Amino acid sequence: MAHYTDEQLMELIKHSDNPDYGFNLLVRKYQEKLYWHIRRLVIDHEDTNDILQDVFIKAWQALDSFRGEAGLYTWLYRIATNEALSFLKKKKRRFFLPWQDVENVLAEKIESDSGFTGNEIQRKLQKAIISLPEKQRVVFNLRYYEEMKYEQMSQVLDTSVGALKASYHHAAKKIEDYVKDA
Amino acid sequence: MEKDNVKKELREIAPHLEKLSKENPFSVPENYFDAFPSEVQEKILKSRRKQTDPGFYGVPRLAFIGVAAVMLLVAGYFFLLKDTSQDLNGFADEAYFDPQLEWYAEYQSDVYYDIIFDDYEEPQEETMTQNSVEDQIEMDYLIDYSLYFMDRPFDDSSLDY
């Protein structure tokens, strides 16, 4: 399965007799990477599952119009990021009490989540990441955890490399302070 | 490799953070990733069916919903009518039969009339009976008598104390 390149997968989906099989391979190739990208942003597994399903359904529906300029990998990351951020925005709109924001809710989830297997330092690190502004969070996660190149990140987030470097620098500094104090 | 670049960059910005192990602190349910692709396929199939399915016997789904809504409204209308008649029938049952109630039901509209005109006696046509003729003669006599005394000067000597 892993030996299929993005081009081969696209060929299977667009020009073979069984496009479903090709798409199934695409899901298998990218599901884990996209899952973790979304999970680090929304924390909850069930929310992540829903978003990830939406990501692949939207990708399937838009495959005909996908021209391959950005690359399948970048394109899927872009959809996943947009879906996760709009999910958080919707969640924000739901909390109309000023003291109850998304950040607190996510922090509570980290505290109570049975699926959280990290130690106390990991818990503090996740809380620090949650406290970052949304875009900085995305940049930090993509660089720190997924070790994505700035050029690629620039295509995913439609932002200049310089701005992304600055954003990552700020985020890493804030988390360093948080972790040091803790 | 990009991994080395990330490590080097982080060491310069945040040396404490760079020393932390980069383990994944979250877990997923067992076999989650094995089952996920078929879940997605199922959802895609469902959405595809929605797009292509014209509804029952080729009737467009929206038209079908419209017809069903009209049928429900009609059924609801008759159901309500039936309910009302049942109530009225119930009122006519023996359990509700009471002569007093029946009287109220028949004369309900006259209740206010009765209240307002309860003390009022309808004027009766005067009939000249024997009694009324005698009364009239007596009255005429008294008037004449009083007029007679009014014309004469008053003389108290005739009064018997």
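**Exercise 1.** Work out what share of the chain A contacts with a separation of 6 or more comes from residues 24 or more positions apart, and set it beside the fold.

*Solution.* Start with the contacts: in this predicted model, residues 24 or more positions apart make up 59% of the chain A contacts with a separation of 6 or more. Next, the elements: chain A has nine helices and zero strands. Then check the cover: of the 182 residues in chain A, 53% are buried. Finally, the surface: chain A exposes about 9,000 Å² of accessible area, with 49% of that on carbon and sulfur atoms.

**Exercise 2.** Describe how chain B meets chain A.

*Solution.* Count residues to begin with: 33 from chain B touch 44 from chain A. Putting the two together buries about 3,900 Å², and carbon and sulfur atoms give 61% of that. On the chain B side, B:I13, B:F26 and B:F33 supply 18% of the buried area, more than any other three residues.

Now the polar part. You'll find 17 residue pairs in polar contact and three salt bridges. One of the salt bridges joins A:R143 to B:E2, with the closest N and O atoms 2.5 Å apart. Last, sort by element: α3(B) brings the largest share of the chain B side, 12 residues.

**Exercise 3.** Is B:V74 buried, partly exposed or exposed?

*Solution.* Locate B:V74 first: helix α4 of chain B, residues 61-92. Its relative accessible area is 42%. Buried needs under 20% and exposed over 50%, so B:V74 is partly exposed. Then look around: B:V74 belongs to a nonpolar surface patch with B:V70, B:Y77, B:F78 and B:L81, together about 500 Å² of accessible area.

Key. Residues numbered from 1 in each chain as written. Chains lettered and ligands numbered in written order. Predicted model: local features only at pLDDT ≥ 70, side-chain atom pairs only at ≥ 80, totals over all residues. Heavy atoms only, no water. Patch = residues over 30% accessible without salt bridge, like charges linked within 9 Å, V, L, I, M, F, W, Y side chains within 5 Å. Areas by Shrake-Rupley, 256 points an atom, 1.4 Å probe, with all protein chains shown as cover. Salt bridge = Lys/Arg side-chain N within 4 Å of Asp/Glu carboxyl O. Helix = DSSP H or I, 4+ residues; strand = E, 2+ residues; numbered from the N terminus. Buried < 20%, exposed > 50% of the residue type's maximum accessible area, 1.4 Å probe, protein only. Contact = heavy atoms within 4.5 Å. Buried area = accessible area lost by both parts, 1.4 Å probe. Polar contact = N/O pair within 3.5 Å; in protein donor to acceptor, adjacent residues only side chain to side chain.
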